[in-house]
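Please prepare a briefing on the structure shown below, with its sheets, its enclosed spaces and its unusual backbone positions grouped by topic.

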Amino acid sequence: MSVSTLLKVVAIGHLMGLVLSSTIERRLNGTLGRTPHMGWSSWNVAQCDAASERYAMDTAHKFIDLGLKDLGYTYVNIDDCWSTKQRDGSGNLVADPNKWPRGIPAVVNDLHNMGLKFGLYGCAGEKTCASFPGSWGHEVQDAQLLASWGVDFWKHDNCFTPCPVNPPPQTCPDTGVDTRPWYGKMRDAIQSVAGTKEILFNLCNWGRNEVWTWGAEYGHSWRMEVDNWGDWASVVRIGATASRIAEFSGPGGFNDLDMLFVGNGVLTEPQERVHFGLWAIAKSPLVIGADLNKIPASSLKILRNKDLIDINQDELGIAASIFQPPNAPAPVRGQIYPYWAGQLSDGVVLAFVAASSGGGKFSVNFADVPGLKKGVYRWKEVYSGQEGTGEAVSFNVAKDDIAIFKATST
Ligand code: GAL
């Protein structure tokens, strides 16, 4: 699809978004997930080793001490490896007593008293990706347990699921297998306990079966790609895919670009700006994946950028997408296109991304930006704080860096 056609369908897409949102209101609680969720998850920090009470409580205290809670980071989510390897005699999941000496309800209670939320991870298949018990055949029982513990968030992974290969391997090599029925089962289980506890439901099927086209009927957010492995290539791959499917995000259902790798010492500072900036304007959940005891000040500054968080949390929930200004080259699949824009309730977000294209001076007339007409606008670049007014904006952006503007009427 050409960019101009893509832009024409964006408006229709947003109308569709409204339809999808009303669908989700019927299927899941309509007040949850109206904007992308913000928080932290254990997986990118230390995989299985971080699935513990110590990390959860430590993160919760850091959320308060570092001002992250006040900025909207509230979900403390524990990923794979939190349970024992076997269910108990009644078939219930059991929190590993070595990792959760006080048990999960006590931790949930502490977090709730701090004004925070607690999330857990499970899997649609027989086992989780790290071979802990999955929810296959136990969906309602697991949802009831989560509700009784007061858990606020559930991520549902896609390992050891039924597959033409028998027994199911960790990851089914047949990407054509329809993952929908498994996510429908867990959605209905979560729905069945909603009277006791409302749970934000995150689908993690790695973008299979074009999940963005149906995810809003099943959950509040859906992983649209395979993992963010923490390298620059992952940021480019996921960002490029996100730019093609922006129209499927909307209040109540968002493309999830995956947990962040800002602050883990793998990306350069400019690359961390691109990573966080793209996730924020694409309306992805913003889930920190770093150890907050060790995070560098420069990374924390990026994660605490209030202007970007406000853009991410804008009530319209419209994800920014790419547009092609006159004389700009055509987008190339798999690369990050330099020009992005998205409607906000009080203006437009515009970004110049100097990734695949190389660095240099980028310029646009506001008249060429989707959502704006010819005229004078006030702009602010959110990372540098630089401001200006005019009918156009020009900015130098170094390779693998980004400039993100909020443009508002004068
Ligand atoms: C993967 C998933 C990751 C993480 C991991 C845990 O399938 O995409 O986000 O949850 O499993 O084993």
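The briefing below goes through the sheets, the cavities and the backbone in turn.

The model is predicted. One open sheet has 8 strands with parallel pairing, and another open sheet has 6 strands with antiparallel pairing. A search of the whole structure finds 6 cavities of 30 Å³ or more, and the loop between E4 and helix H7 (180–192) holds proline 167 as well as phenylalanine 160.

**The parallel sheet**

- The 8 strands of this open sheet follow the order E7-E6-E5-E4-E3-E2-E1-E8, and its edge strands, E7 (254–256) and E8 (286–288), each pair on one side only.
- Averaged over the sheet and with direction ignored, neighbouring strands are turned by 25° against each other.
- Strands E3 and E4 run parallel and are joined by 5 bridges; leucine 120 stands opposite tryptophan 154 in E4.
- Helix H7 lies across E4 and strand E5 (200–203), and the helix runs at about 160° to E4.

**The antiparallel sheet and the annotated domain**

- The 6 strands of this open sheet are arranged in the order E9-E10-E11-E16-E13-E14.
- Strand E9 (321–322) and strand E14 (387–390) each have a single partner strand and stand at the edges, so one side of each is left without a neighbour in the sheet.
- Helix H9 (residues 269–281) packs on the sheet, where it touches E10, E11 and strand E16 (401–409), and its direction makes about 40° with that of E16.
- Strand E10 (residues 339–344) runs antiparallel to strand E11 (residues 347–354), with 6 bridges joining the two, and glutamine 343 stands opposite valine 348 in E11.
- UniProt, in an unreviewed entry, lists residues 338–406 as "domain: Alpha galactosidase C-terminal"; in the model this span is 59% strand and 0% helix, and its end C-alpha atoms lie 16 Å apart.

**Cavities**

- The largest cavity holds about 120 Å³ of space, and of the 15 residues that line it, Phe153, Lys155, Asn202, Met259 and Val287 are the closest to its centre.
- Strand E3 (117–123) and strand E4 (153–157) each supply at least two residues of the lining of the largest cavity, a lining that by class has 6 nonpolar, 4 polar and 5 charged residues.
- The second largest cavity holds about 70 Å³ of space, and of its 14 lining residues the closest to the centre are Trp82, Tyr121, Gly122, Thr128 and Pro133.
- Strand E3 gives the largest share of the lining of the second largest cavity, with 3 residues, and by class that lining has 8 nonpolar, 5 polar and 1 charged residues.

**Backbone positions in the loop between E4 and H7**

- Most residues other than glycine have a negative phi, and most peptide bonds are trans.
- The peptide bond from asparagine 166 to proline 167 is cis, with omega near -5°, and proline 167 belongs to the loop between E4 and H7.
- Phenylalanine 160, although not a glycine, has a positive phi of about 50°, and this residue too lies in the loop between E4 and H7.

How values were computed:
Residues are numbered from 1 along each chain as its sequence is written. This is a predicted model: local features need pLDDT of at least 70, side-chain atom pairs count only at pLDDT 80 or more; totals for chains, interfaces and linings use all residues. Side-chain values use heavy atoms; hydrogens and water are left out. Two strands pair if DSSP finds at least two bridges between them. Helices (H or I, at least four residues) and strands (E, at least two) are DSSP runs, numbered from the N terminus. Contact means heavy atoms within 4.5 Å. Axes are lines fitted to C-alpha atoms, for helices over the stretch in contact, and angles run from 0 to 180 degrees between N-to-C directions. On a 1 Å grid over the protein atoms alone, a cavity is a set of points where a 1.4 Å probe fits but cannot get out, and a pocket is an open set with protein on both sides within 12 Å along at least five of seven lines; lining residues have an atom within 4 Å of a point. Grid points are joined across faces, edges and corners, and a volume is the space filled by probe spheres set on the points. Ala, Val, Leu, Ile, Met, Phe, Trp, Tyr, Cys and Pro count as nonpolar, Asp, Glu, Lys and Arg as charged, and the others, Gly among them, as polar. UniProt positions are given in the numbering used here, feature names are shortened, and annotations may be inferred rather than shown by experiment.
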